[in-house]
Amino acid sequence: MKDTVIEVLKGHFGDDKEINESSHMMDDLGGDEFDILDVIVQVESKLGISIPEEETFEVRTVSELLEVVGRHVQSD
Amino acid sequence: MFSQIKLVFFFIMLMGAGGGLWYVQHLKSENEILTLNNAKLEGAVAEQQALIEQQLRDIETQQSINKQLTENNVKLTADLELANEKFNKVNASGERRDIGNLAVSKPKSIEKIERKREQQRARCFEIAQGSPLTEEELNATKKSQINAECTNIANPNYIPY
């Protein structure tokens, strides 16, 4: 699951970006709110899961994304 | 006979003295009027000079405001171009952002983002009209802290990623 998320992030923000769990998708990767939303949609599609929107409103870092996605990968 | 001539001379001298006295009095009166008029004119000149100085200060203020508005206009135009780019952003894989598709998949999130952007746009108008920047706006150095709608005027200390 983590590999898929990192793969989506690299595909979206670029291979040249150093992406780790503490990376902030806006401050470190240069994205905006639409980028974060786009990444979440791509992750959902790749993993075949559906995350309620309310859970993603505050997602800004990779670790927060992994946490939210992790909850649904386990439960779905 | 001689005393009559003396009397005539006396009256002539008296009339001359009287005429001279009247003339001096008249000159004094004229002089007072002229002095008063002069004082009024000097007062009017001082008022005019004060008015001219005030007008010059007003012109300087207007020029300063005009310069500020022109600078803001340039910055806002740059921000507008950036805003337009946001809707056509291409990611690292070469895929163009599809806001419409995102809005279908995540309507609440898009609404939340747009509500925030709307508030930021309103703040942009306030700043453009002269509202001073807040500490938070001045201290914003990270992308997550900035006003994304008019960064150039709202967050002078932010260096774009």
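The points below comment on a predicted model of two chains, A and B.

1. Confidence. The predictor scores the complex with an ipTM of 0.86 and a pTM of 0.65. For chain B, the mean pLDDT is 90. In that chain, 99% of residues reach 70 or more. Confidence in chain B bottoms out in H2(B), with a mean of 88. It is highest in helix H4 (residues 135-139) of chain B, at 95. As a general caution, coordinates should not be read in detail where pLDDT is low.

2. Make-up of chain A. Chain A has three helices and zero strands. Its pattern along the sequence is α-α-α. The chain has 76 residues, and 36% of them count as buried. Take the contacts in chain A between residues at least 6 apart in sequence: 58% of these join residues at least 24 apart.

3. Make-up of chain B. Zero strands are found in chain B, which has five helices. The order reads α-α-α-α-α. Of its 161 residues, 11% count as buried. Among contacts in chain B with a separation of 6 or more, 47% come from residues 24 or more positions apart.

4. Helix H1 of chain A. This helix covers residues 2-13, twelve residues in total. From first C-alpha to last, H1(A) reaches 16 Å. That is close to the 16 Å expected at 1.5 Å a residue. Which residues of H1(A) are buried? They are Val5(A), Val8(A), Leu9(A), His12(A) and Phe13(A). Viewed down the axis of H1(A), these buried residues fall within an arc of 110 degrees, so they line one face of the helix. Just after H1(A) comes Gly14(A), with a positive phi of about 120 degrees.

5. The largest nonpolar core. This core has 18 residues. Those with the most contacts inside it are Val5(A), Leu9(A), Ile36(A), Val39(A), Ile40(A) and Val43(A). Elements giving two or more residues to the core are H1, helix H2 (33-47) and helix H3 (62-75) of chain A. Which element gives the largest share? H2(A) does, with six residues. Val5(A) and Leu9(A) also appear among the buried residues of H1(A).

6. Around Ile36(A). Ile36(A) is one of the residues with the most contacts inside the largest core. Leaving aside residues up to four places away in sequence, Ile36(A) touches Met25(A), Gly31(A) and Val59(A).

7. Another core. Apart from the largest core lies another, of five residues. Its members include Leu76(B), Cys124(B), Cys150(B) and Ile153(B).

8. The interface. How many residues of chain B are in contact with chain A? The count is 18, and they meet 18 residues of chain A. On the side of chain B that touches chain A, the elements giving two or more residues are helix H2 (99-105) and helix H3 (107-128) of chain B. H3(B) supplies the largest share of that side, four residues. By class, the side of chain B that touches chain A has six nonpolar, five polar and seven charged residues. One contributor here, H2(B), is also where confidence in chain B is lowest, at a mean of 88.

Methods: Residues are numbered from 1 along each chain as its sequence is written. Chains are lettered from A and ligands numbered from 1 in the order in which they are written. This is a predicted model: local features need pLDDT of at least 70, side-chain atom pairs count only at pLDDT 80 or more; totals for chains, interfaces and linings use all residues. Two residues are in contact if their C-beta atoms, placed from the backbone, lie within 7 Å. Ala, Val, Leu, Ile, Met, Phe, Trp, Tyr, Cys and Pro count as nonpolar, Asp, Glu, Lys and Arg as charged, and the others, Gly among them, as polar. The expected span of a helix is 1.5 Å times one less than its number of residues. A residue is buried if 20 or more other C-beta atoms lie within 10 Å of its own, exposed if 12 or fewer, and partly exposed in between; C-beta atoms are placed from the backbone. The arc is that of the directions from the helix axis to the C-beta atoms. A nonpolar core is a set of buried Ala, Val, Leu, Ile, Met, Phe, Trp, Tyr and Cys residues joined through C-beta atoms within 7 Å. pLDDT is the predictor's confidence in each residue, from 0 to 100.
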